[in-house]
Amino acid sequence: MVEISTKEEADYCLIEVNGEVDASSSIELDDAIKAALEKKLNLLIDLQKLDYISSAGLGVFISYLEEFKENERKMILFGLQPKVREVFEILGLQHIIKMVDTKSEGIDAV
């Protein structure tokens, strides 16, 4: 089960993810990212309350990388718990997805 909230700021969209992102709930994450991209906004994704992410959830992030690059937008993840960060790092995603520790670091990176 996942809860996703979205809030637009001046030059970015903040998505907060709470719970678990698996095959069935990854659709909600996909919809939230797609909406931000359609609004031509940079994206900050708060993962402080993300407890678990499956390969389907990881695939959602990966599927948008090229589109963000083509539209000259940034997607920045922050607040990853150690066990979630480890999943991203095992796959080497820290090299292709910007990950920072705090929201303020994410805002600075936008």
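This report describes the sheet, the helices and the nonpolar cores of one protein structure, which is a predicted model.

The sheet is open and has 5 strands, which follow the order S1-S2-S3-S4-S5 with mixed pairing. Strand S1 (2-8) and strand S5 (98-100) are its edge strands, since each of them pairs on one side only. Neighbouring strands of this sheet are turned by 20° against each other on average, when direction is ignored. Between S3 and S4, which run parallel, there are 4 bridges, and Leu44 has Ile76 in S4 as its bridge partner.

Two helices lie across strands of the sheet, as the table sets out.

| Helix | Strands it lies across | Approximate angle |
|---|---|---|
| H1 | S1, S2 and S3 | about 175° to S2 |
| H2 | S2, S3 and S4 | about 170° to S3 |

Asp30 belongs to helix H1, and its side chain makes a polar contact of 2.9 Å with the side chain of Tyr64. When neighbours within four places in sequence are left aside, Asp30 is in contact with Val60 and Tyr64.

The largest nonpolar core holds 29 residues, and those that touch the most other members are Val17, Ile33, Leu43, Ile45, Phe61, Leu77 and Phe88. Two or more residues of this core come from each of strand S2 (12-21), helix H1 (26-38), strand S3 (42-53), helix H2 (55-70), strand S4 (75-78) and helix H3 (82-90). Apart from this core lies another one, of 6 residues, which include Tyr12, Leu14, Leu44 and Ile76. Within the largest core, Val17 is one of the residues that touch the most other members; not counting residues up to four places away in sequence, Val17 touches Val2, Glu3, Leu29, Ile45, Asp46, Leu47, Lys49 and Leu50.

Helix H3 can be described by its two sides. The buried residues of H3 are Val84, Arg85 and Phe88, and they lie on the same side of the helix because they cover an arc of only 100° around the axis. As a rule, an α-helix has 3.6 residues a turn, so residues three or four places apart point the same way. The buried residues of H3 pack against S3, H2, S4 and S5, whereas Pro82, Lys83 and Ile90 are exposed on the other side of H3. Just after H3 comes Gly92, which takes a positive phi of about 75°.

Notes
Residues are numbered from 1 along each chain as its sequence is written. This is a predicted model: local features need pLDDT of at least 70, side-chain atom pairs count only at pLDDT 80 or more; totals for chains, interfaces and linings use all residues. Side-chain values use heavy atoms; hydrogens and water are left out. A nonpolar core is a set of buried Ala, Val, Leu, Ile, Met, Phe, Trp, Tyr and Cys residues joined through side-chain atoms within 4.5 Å. Buried means under 20% relative accessible area, exposed over 50%, partly exposed in between (1.4 Å probe, protein chains only). Contact means heavy atoms within 4.5 Å. Two strands pair if DSSP finds at least two bridges between them. Axes are lines fitted to C-alpha atoms, for helices over the stretch in contact, and angles run from 0 to 180 degrees between N-to-C directions. A polar contact is a pair of N or O atoms within 3.5 Å; within protein, one must be able to donate a hydrogen and the other to accept it, and residues adjacent in sequence count only if both atoms are side-chain atoms. The arc is that of the directions from the helix axis to the C-beta atoms.
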